[in-house]
Amino acid sequence: MSWFIVGTMAVTGGLKAMSTDRQIGRQIDDLDAKEDAYRAQAIQNRNAFETRYSQTEHMHSNQIEALKKTKTFNVGKVASSVGGSGAQAGSGTTAHIVASEAARNQFAIDSYRKKADYELENIREKGKNEQARFNNMANEVADQSDYLNKNRGMMVFESFLGGSVGGAGAGSTFKSAWG
């Protein structure tokens, strides 16, 4: 085998291997950046849902306080109207009217509280799901990066061999032209 062929095979194979190594390095860097972006997005989404949870919780707390004040007002209004009619408040039918008004208003408070708790639970669950989704995407990208890192040497070697075979053809052309 001529030195033209061997030299061309070595140079072509080496250049091809260096090019492949750089390309794989860029891919790994891109995948690592993508993984970091997904993890950051996971945290941002979770924080956004936690902020929404806090705001909604505050809104519901204010609404429950308003319902409690309404209950106190309505029960007091019923009790005063019963007392103003000449009936004796605190016993008999009039007491049942006051108790009924109190129960109706307490039911409204309890119903709203249950609805609020359900809504808050859904917000928190959505936040966890969004965070998990982005973390899963980051894990997939990390797996791709690990695969490239583990197989980088073999891929570069295969590239060297492929470049060397191509270089053999070029080397034989050089040999016939100058040799």
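**Exercise 1. Find the distance, spacing and exposure of a salt bridge in helix 2.**

Solution.
Step 1. The side chains of Arg104 and Glu101 meet in a salt bridge, at 2.7 Å from N to O. A salt bridge here is a side-chain nitrogen of Lys or Arg within 4 Å of a carboxyl oxygen of Asp or Glu.
Step 2. Arg104 and Glu101 are 3 residues apart in helix 2, so about one helical turn separates them. Helices (H or I, at least four residues) and strands (E, at least two) are DSSP runs, numbered from the N terminus.
Step 3. Arg104 counts as exposed, at 52% relative accessibility. Glu101 counts as buried, at 11%. Buried means under 20% relative accessible area, exposed over 50%, and partly exposed in between (1.4 Å probe, protein chains only).

A note on the model: it is predicted, local features need pLDDT of at least 70, side-chain atom pairs count only at pLDDT 80 or more, and totals for chains, interfaces and linings use all residues. Residues are numbered from 1 along each chain as its sequence is written, and side-chain values use heavy atoms, with hydrogens and water left out.

**Exercise 2. Name the residues joined in a salt-bridge network, and examine one pair in it.**

Solution.
Step 1. Arg46, Glu50 and Arg124 form one network through salt bridges that share partners.
Step 2. Take Arg46 and Glu50: their closest N and O atoms are 3.4 Å apart.
Step 3. Both residues belong to helix 1, and they are 4 residues apart, so about one helical turn lies between them.
Step 4. Glu50 is partly exposed, with a relative accessible area of 24%.

**Exercise 3. Find which parts of the chain the salt bridge of Arg152 ties together.**

Solution.
Step 1. The partner of Arg152 is Asp21, and the closest N and O atoms are 2.8 Å apart.
Step 2. Arg152 lies in helix 2 (residues 92–178) and Asp21 in helix 1 (residues 3–84), so the salt bridge ties together parts 131 residues apart in sequence.
Step 3. Arg152 is partly exposed at 25% relative accessibility. Asp21 is also partly exposed, at 31%.
Step 4. Side chains of opposite charge can pair when their charged atoms come close. By the salt-bridge rule, the count comes to 7.

**Exercise 4. Describe the surroundings of Ser145.**

Solution.
Step 1. Ser145 sits in helix 2.
Step 2. Ser145 is buried, with a relative accessible area of 3%.
Step 3. Leave aside neighbours within four places in sequence. Ser145 is then in contact (heavy atoms within 4.5 Å) with Ile28, Leu31 and Asp32.
Step 4. The side chain of Ser145 makes a polar contact with the side chain of Asp32, at 3.0 Å. A polar contact is a pair of N or O atoms within 3.5 Å; within protein, one must be able to donate a hydrogen and the other to accept it, and residues adjacent in sequence count only if both atoms are side-chain atoms.

**Exercise 5. Describe the chain as a whole.**

Solution.
Step 1. The chain has 2 helices and 0 strands.
Step 2. Buried residues make up 26% of its 179 residues.
Step 3. Consider contacts with a separation of 6 or more. Residues 24 or more positions apart account for 91% of them.
Step 4. The accessible surface of the chain is about 11800 Å², and 57% of that belongs to carbon and sulfur atoms. Accessible areas come from the Shrake-Rupley method with a 1.4 Å probe; for residues, only the protein chains shown count as cover.
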